[in-house]
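Work through the exercises below with the sequence and model open. Try each task before reading its solution.

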Amino acid sequence: MSTLHAAAPKTVEQTARSVKSKKLLSRTLLWIFLLLVAAFALFPIILAFFGSLKTNLELTTGTTMLPKEWKFGNYLQAWNTANFARFTWNSVFISVFTTLGTLLVGTMAAYAVARVDFIGKKLYVMIQSCTLFISIGAVVLRPQFDLMVALGLQKSLWGVIIILISAHATAFFMLIGFVRAVPRELDEAAFIDGCNFYSVYFRVILPLLTPALGVTALWTFRGAWNEYILPLVFTMTQPALQTLTVGLAGLKYGIGDAAQPQLMLAGACLSMLPMIVVYIFANKSFMQMTAGSVKG
Amino acid sequence: MNQARRQINAWTFVAPSLILTLIFGVYPIFWALKYMFYDYQGFGEPLYIGLDNFERLFRDKEFWHSVVNTFIYAGGKLLVTLPLSFVLAVILNRALKGRQLLRAVYFLPTVISASVMAIVFYVIFNSYNGMVNQLLVGSGIVSAPIDWLGPKYALLTAIIIAIWGAVGNYMLLFIAGLQNIPEDLYEAASLDGAGPLRKMWSITVPMLGPVLQMIIMLAITVSLKGYESIMVLTEGGPYGKTEVMYLYLYKLFFPVSSGGTSIQQFGYGSAVGFATAVIVGLITLIYFYVSKKLNDIY
């Protein structure tokens, strides 16, 4: 009798302890897994950063992750000699104007589609969605280039900017959702107060869309900043117009001299840095945009 | 009168978008649809040759080789990316300390340019003196440096890079889908004594159904189309081992580097472009059909 009594609470305690240790084990395994994936995500960026501060010699023969001697001069060299100052300016120029243009064209169309049942609306929306789904790859670049030659814009960055703006279907579809979220009653109230179609757009819709515009702008800016093939094709014979992505890839082929991996990494860090800084402050907006595309 | 004015107003607002789309989005497609029946090298008079380009396409071993490579590349990428990002999404959708930070870290690769990262990977995966090999050899994991960009491993390296860039994106899409599932379903299941696996199969997967289908379809098309990072990393080499179909197509129109040259074949290139679009479209359709069938059975 007494032994039974004594044994019973002990088993409960034991099972409780084994459940607890099992839980602890699964938690530990879970965290090991999560941290491994985090390491996988961060590893290349960290390696690029440390590598960009090494000498060419250490980069090719060294065995430590951290540089022995921190060569910040690599960045100066990339900025001045390798022309990254120019590339950065071109990237900023393209990204800013592409973003502004996309927002303007996108919000105007989204406003009209969301608020007016105009003739041919279905056809217009269908054309926009077709451009999202049909992809014939690099073929389109050829006629696009010829068009820019015809317009006399192939020797400036405006050609690239206009083509990037013309690919605004994604932004357009997202903006429709945002405009629809603005209550129609506000438009109607503004109409009664004497506003017309245009002033409603400027005074009601745009101000109320501001947060959404910020998110869309980030998204568009990222796309333009990271674009590689379009600016490559347009600036192949004009190094002065190349963007960071194009100029950086160009380093791979060396300009007459031996490959300089430390410069490539410094250049890569220069190109990544603005996006990473923006991301640190606005990662929620970035993620909101991606998540939004599922919710529709 | 008022109605007519509204029509005109709306059209003036849609006009910039429509004009840009028609000129730079739609016209190039018709351009390709025309020239795929022509022999056109970029100079001289284009010559109408009927279906000759397509005949050549069917005999073009290099093209079909690139199609096979595309399937391996896309398949390898998806086989790792989708399950991994799904698992991460399920974990990070629960209450977990630090989940915001982890999400932000996993998503970070997606804000960086594929071409920039390809350069970084090109340097760190370099065969004899890349940092990855230095670390692997230095820590004794492998005895001799691995030729990451050589004929044997280049495609694998390209797949690893693609996975690196994609996991965070699909994780986030899955999380967005998961958040649409009402919490009380799980509570009810818990009351009925369902374990975590049971909840996964009986609630999460079926409830996620349509979203899951959409995300996977998106993933398939995106991974079939991707060629930017391969173009920078290996240019399709060595010996065509990493040549994917959209890269092959690109090379028929433009040189890979600013110093390089290419033999321009616009007519044949248009036919190849048409064929690649059809291949991607067919795969999407097949997937759509099969997944719909599976949904019906479920």
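Buried means under 20% relative accessible area, exposed means over 50%, and partly exposed lies in between. The model is predicted.

**Exercise 1. Two sides of a helix in chain B**

Task: In helix α2 (residues 52-59) of chain B, find which residues are buried and which are exposed on the other side.

Solution.
- Step 1. Apply the under 20% cut-off. N53(B), F54(B) and L57(B) turn out buried.
- Step 2. Look down the axis. These residues cover an arc of only 95°, so they sit on the same side of α2(B).
- Step 3. Turn to the other side of α2(B). F58(B) and R59(B) are exposed there.
- Step 4. Recall the geometry. An α-helix has 3.6 residues a turn, so residues three or four places apart point the same way.

**Exercise 2. The same reading in chain A**

Task: Which residues of helix α3 (residues 73-80) of chain A are buried, and within what arc do they fall?

Solution.
- Step 1. List the buried residues: N74(A), Y75(A) and A78(A).
- Step 2. View α3(A) down its axis. The buried residues fall within an arc of 100°, so they line one face of the helix.
- Step 3. Check the other side of α3(A). L76(A) and N80(A) are exposed.

**Exercise 3. A buried glutamine**

Task: Place Q262(A) in its helix, classify its exposure and list what it touches.

Solution.
- Step 1. Q262(A) belongs to helix α13 (residues 261-295) of chain A.
- Step 2. Its relative accessible area is 6%. The cut-off for buried is under 20%, so Q262(A) is buried.
- Step 3. Leave out residues up to four places away in sequence. Q262(A) then touches G51(A), S52(A), K54(A), N56(A), L59(A) and N74(A).
- Step 4. Link back to Exercise 2. N74(A), one of these contacts, is also among the buried residues of α3(A).

**Exercise 4. Salt bridges**

Task: How many salt bridges are found over all chains? Work through three of them, starting with R115(A) and D187(A).

Solution.
- Step 1. The search of the whole structure gives six. Side chains of opposite charge can pair when their charged atoms come close.
- Step 2. R115(A) and D187(A) form a salt bridge at 2.6 Å, N to O. This pair links distant parts of the chain, 72 residues apart. R115(A) is in helix α4 (residues 84-115) of chain A, and D187(A) is in helix α9 (residues 184-192) of chain A.
- Step 3. Check burial of that pair. R115(A) has 7% relative accessibility, so it counts as buried. D187(A) is buried too, with a relative accessible area of 5%.
- Step 4. Take K121(A) and D117(A). Their side chains meet at 3.1 Å, N to O. K121(A) is buried at 17%, whereas D117(A) is exposed at 65%.
- Step 5. Take R142(A) and D146(A). Their closest N and O atoms are 3.2 Å apart. The two residues are four apart in helix α6 (residues 141-151) of chain A, so about one helical turn separates them. R142(A) is buried at 13%; D146(A) is partly exposed at 30%.

**Exercise 5. A nonpolar surface patch**

Task: Find which elements give two or more residues to the nonpolar patch of chain B, and which element gives the most.

Solution.
- Step 1. Collect the members. F30(B), L33(B), F274(B), V278(B), L282(B), L285(B), I286(B), Y289(B), V290(B) and L294(B) make a patch of about 960 Å².
- Step 2. Assign the elements. α1 (2-35) and α12 (266-297) of chain B each give two or more residues.
- Step 3. Rank them. α12(B) gives the most, with eight residues.
- Step 4. Inspect one member. L33(B) lies in helix α1 of chain B. Its relative accessible area is 32%, so it is partly exposed.

**Exercise 6. Confidence**

Task: Which elements have the lowest and the highest mean pLDDT in chain A and in chain B?

Solution.
- Step 1. Start with the chains.

| Chain | Mean pLDDT | Residues at 70 or more |
|---|---|---|
| A | 85 | 92% |
| B | 88 | 96% |

- Step 2. In chain A, helix α2 (residues 56-61) is lowest at 74, and helix α7 (residues 158-166) is highest at 95.
- Step 3. In chain B, helix α6 (residues 131-138) is lowest at 81, and helix α3 (residues 61-93) is highest at 94.
- Step 4. Add the global scores: ipTM 0.87 and pTM 0.88.

Definitions and conventions: Residues are numbered from 1 along each chain as its sequence is written. Chains are lettered from A and ligands numbered from 1 in the order in which they are written. This is a predicted model: local features need pLDDT of at least 70, side-chain atom pairs count only at pLDDT 80 or more; totals for chains, interfaces and linings use all residues. Side-chain values use heavy atoms; hydrogens and water are left out. pLDDT is the predictor's confidence in each residue, from 0 to 100. Buried means under 20% relative accessible area, exposed over 50%, partly exposed in between (1.4 Å probe, protein chains only). The arc is that of the directions from the helix axis to the C-beta atoms. Patches are made of residues with over 30% relative accessible area and no salt bridge: like charges are joined within 9 Å, nonpolar side chains (Val, Leu, Ile, Met, Phe, Trp, Tyr) within 5 Å. Accessible areas come from the Shrake-Rupley method with a 1.4 Å probe; for residues, only the protein chains shown count as cover. A salt bridge is a side-chain nitrogen of Lys or Arg within 4 Å of a carboxyl oxygen of Asp or Glu. Contact means heavy atoms within 4.5 Å.
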